[in-house]
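Good morning, and thank you for the opportunity to speak. I would ask you to keep the structure in view while I talk about charged pairs and the surface.

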Amino acid sequence: MSIRLKLAIMFLAIASLPLLLVSALTFTNYEKSLEARRLLQLQDITAYKAERIEAFFASLKNDIETAQGYYNIKENLPVLTRFAEDPNNPDFFAAKKMLDAQLQRMQSVLGLSDIMLVNPKGKVVYSSNPEHYPKDFSKPLLDPEQKAFEEGKSKIYFSDIFFSKTGIDKTIMLVTGPAHDFNDAFIGVIALEVDAKSLYRIIENVTGLGKTGEVLLGKKIGNQVLYLNPLRHDPNAALIRKVDIGSEIGRPIQEAIQGKTGTGQYLDYRGKKVIAAWRHIPFIDWGMVAKIDTKEAFADVTNLRNLAAVILVIVIVLSSIMAFSIAHSISEPIKRLSEGAAIIGGGNLDYKIGTNQKDEIGQLSRSFDKMTLDLKQTTASRDELNKEIIERKKAEEELRQSEIKYRTVADNTYDWEFWLDPESRFLYCSPSCQRITGHKPEEFLADPGLRTRLIHPDDRPLFEKHVNEIEHKQKGIAEGEWRLVRPDGTCCWVAHACQPVYDDSGRFIGTRGSNRDITARKQMEDTLASQRKEQQVILESVPAMIFYKDKENRFIRTNKAFEEAMRLPKEKLEGKSLFDIYSKEQAEAYWMDDKEVIASGKAKYGIIETMPTPEGIKCLLTDKVPYFDESGNVLGVIGFAVDITERKKAEEALRESEQHLSAVFRASPTGIFVTRMTDGLFIEANEAYMQIIGYSADEVIGHTSSELNIWVNPEDRERIVGILREQGRIENSEVKFRRKNGEILDLLYSALPLERGGEHCILGTLTDITSRKRAEKAVRRAATRFEILADTA
């Protein structure tokens with residue numbers, strides 16, 4: 001055997017055997033590493049998707065908790081329930097209109113399909129979606145399991161996904177919760193209809209899952225698994241495709257819905273082999289799987305195997321050729337080797353410097369080629385890793401943006417919202433706390449005891465009792481009212497509501513609460529109490545006889561002058577009918593006028609009546625006016641009677657005074673107007689309004705209030721618009737207007753929001769307070785004059 005042949009055989013063995021061994025080891029290690037990396041990636045995806053789903057449901061829970069606190073719902077849901085059988089009733093229409101203004105906006109902002117209100121009997125009495133309202137009104141909630149209403153009466157409930165009444169083209173779910181009035185009495189159920197596409201968008205994002213990967217949701221139904229979302233390879237699978245538990249098909253989702261978490265290689269619902277990661281979502285009892293076809297997942301392994309085979313063949317061929325070319329000169333290969341090294345050092349990893357020589361120089365040149373190939377593969381792996389890092393950072397940024405959105409909603413609530421941990425330390429405090437207490441959120445977060453120190457000393461026992469109830473979990477939502485002392489020494493009243501929060505295992509994890517500034521309401525209550533006391537003093541001091549009667553002709557209330565004229569104490573008058581005091585004929589005469597006022601709902605003035613007394617027959621001049629409840633129903637009659645037996649000589653003077661009062665009343669201007677809410681553009685206004693502000697209709701209609709410069713204090717309009725948007729109405733708010741001639745008027749401003757031509761408008765009235773006060777002063781002067789005449793008669 002020649003030396004050349006020996007060298008060729010030896011070179012071929014040296015070149016091939018290590019390459020085969022290295023290739024086998026590299027292939028095996030890379031395959032295991034790739035599988036582990038793919039499974040870890042799928043686990044990360046399921047964890048991320050689960051967090052997104054939990055955030056989605058937490059957002060829905062916050063939305064319905066926000067709706068539970070709406071003044072509009074507390075005020076108007078009972079009205080809709082009361083008139084549910086008569087939807088054409090004006091009160092029903094007005095209540096629905098006020099709810100539309102708020103809830104249709106909420107539906108649009110939150111991207112909901114519908115917001116429904118259900119009465120205590122389980123019937124839908126309101127729907128924010130005009131297309132749904134005719135179909136849903138006075139019908140039960142469309143819930144296949146019929147649990148949404150019953151469960152929603154006592155807690156926030158999430159229904160399963162189901163097909164909407166429009167067919168299988170749309171899947172929805174319901175979120176329900178109880179609604180309570182201002183006295184915490186149950187008044188119905190609030191139902192949010194959520195388009196399942198909002199949830200599907202979280203699942204259908206296949207970033208990092210290649211061309212065959214997908215994420216799917218499932219729920220156990222009997223002995224089967226029901227797929228809840230459209231699948232990448234079966235878009236119509238949602239709520240239709242099922243798989244039997246125990247079968248070899250779809251094993252990952254079977255494991256997930258049984259509360260297990262894991263990874264592995266199994267057959268998916270198509271019968272194709274996949275690598276998958278699965279986990280259970282306990283709070284909704286769903287299972288979730290992230291998977292990708294093994295063919296795609298291990299494509300890099302296949303490519304590496306093919307590449308290794310090609311390289312091996314090439315090396316064997318080249319080795320054989322070089323073995324028979326050993327006679328090539330040594331200098332030329334060394335030169336080429338030096339030049340090639342320079343080129344490769346310059347960054348050209350595709351340059352080949354291998355020679356056919358079978359000696360050490362030839363082996364060195366081929367080692368350079370192998371080194372550049374390995375370096376190139378390492379660079380490619382690094383690029384793939386960088387791409388994966390970029391994708392993960394993108395997902396983290398999307399999550400951060402979502403957190404920013406929900407924090408923005410919480411930070412911009414009007415009330416002071418907070419969250420306490422089990423040790424009563426603040427975890428979250430909304431910025432509204434500074435407006436209410438004068439302290440920044442950071443102060444509460446740094447000093448948990450600050451909240452207690454703010455409580456007015458006289459109110460601390462009440463606050464401590466409230467805290468004790470929460471700590472001992474004696475009830476769900478706990479409420480209270482107390483005063484807070486601000487840093488400047490002023491006090492404000494707050495209405496406080498909070499409730500303990502538990503995790504899925506029933507462990508107490510903190511307290512969620514809210515404080516609302518009710519200082520203005522408390523001041524108004526004090527004012528009303530004072531006014532009631534003053535009214536009682538005035539009622540007893542007025543020389544005219546005054547009485548209140550109900551619709552059954554019974555005296556409800558009388559004043560001192562009436563009791564003295566009747567020669568009967570209050571106890572023998574109140575609760576008695578006229579038929580218990582007078583003869584049937586006399587009582588019927590009085591009762592006829594009362595019945596007329598009650599039936600018509602209109603006052604009757606100037607009634608001349610006679611009243612028998614122990615001193616003889618007295619002649620009375622009586623006015624009878626109806627009084628109403630909040631719904632406009634007549635409750636009874638209020639009577640004002642003056643003894644005119646000894647005042648005949650004053651009749652003419654009294655008649656002139658009454659004519660004067662009537663003229664003042666007719667001249668009292670009540671202006672009615674409609675303006676655009678955004679900029680105050682006048683759309684309509686009546687003649688009385690024109691007379692108040694001193695402009696003609698042509699000068700007003702089509703112009704804004706700022707152009708006319710009628711608001712003395714422009715911030716009054718901004719305040720009124722804010723109240724209308726928050727509370728849905730404003731009544732008798734004092735404002736100042738500037739007439740065309742520059743005169744400043746004090747007016748009472750009342751208004752309601754109005755939807756007109758697709759625009760938010762204001763329907764309001766103006767009353768000149770000055771004129772009304774003049775009329776009141778004229779009445780008092782006339783009464784004084786009567787007293788003087790009576791004393792001198």
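In this predicted model, the side chains of E150 and K153 meet in a salt bridge, with 3.6 Å from N to O. Are these two residues buried, partly exposed or exposed? E150 has a relative accessibility of 48%, so E150 counts as partly exposed. K153 is also partly exposed, at a relative accessible area of 33%. Both values fall between the limits of 20% for buried and 50% for exposed.

Let us turn to a second pair. R521 and E481 form a salt bridge through their side chains, and here the N to O distance is 2.6 Å. Where in the chain do the two partners lie? R521 belongs to helix α16, which covers residues 519–541, while E481 belongs to strand β15, residues 478–485. The two are 40 residues apart, and the pair links distant parts of the chain. R521 is partly exposed, with 35% relative accessible area, and E481 is partly exposed as well, at 27%.

A third pair is D517 with R486, whose closest N and O atoms are 3.8 Å apart. Why can we say that this pair ties together separate parts of the sequence? D517 lies in strand β17 (residues 508–517), whereas R486 lies in the loop between β15 and β16 (491–502), so the salt bridge joins parts that are 31 residues apart in sequence. D517 has a relative accessible area of 27% and is therefore partly exposed.

Salt bridges can also be linked to one another. Please find E214, D268, R270, K291 and D293, which are connected in a network of salt bridges. For the model, the count comes to 42 salt bridges.

I now move from charged side chains to nonpolar ones. Which residues form a nonpolar patch on the surface? They are V310, V313, I314, V317, L318 and I321, and together they have about 480 Å² of accessible area. One of them, L318, is placed in helix α9, residues 299–323. L318 has a relative accessible area of 36%, which means that L318 is partly exposed.

My final example is D184, located in the loop between β5 (167–180) and β6 (186–195). This residue is partly exposed, at 40% relative accessibility. How far apart are D184 and K74, in sequence and in space? In sequence they are separated by 110 residues, yet from C-alpha to C-alpha they are 9.4 Å apart.

Thank you for your attention.

How values were computed. Residues are numbered from 1 along each chain as its sequence is written. This is a predicted model: local features need pLDDT of at least 70, side-chain atom pairs count only at pLDDT 80 or more; totals for chains, interfaces and linings use all residues. Side-chain values use heavy atoms; hydrogens and water are left out. A salt bridge is a side-chain nitrogen of Lys or Arg within 4 Å of a carboxyl oxygen of Asp or Glu. Buried means under 20% relative accessible area, exposed over 50%, partly exposed in between (1.4 Å probe, protein chains only). Helices (H or I, at least four residues) and strands (E, at least two) are DSSP runs, numbered from the N terminus. Patches are made of residues with over 30% relative accessible area and no salt bridge: like charges are joined within 9 Å, nonpolar side chains (Val, Leu, Ile, Met, Phe, Trp, Tyr) within 5 Å. Accessible areas come from the Shrake-Rupley method with a 1.4 Å probe; for residues, only the protein chains shown count as cover.
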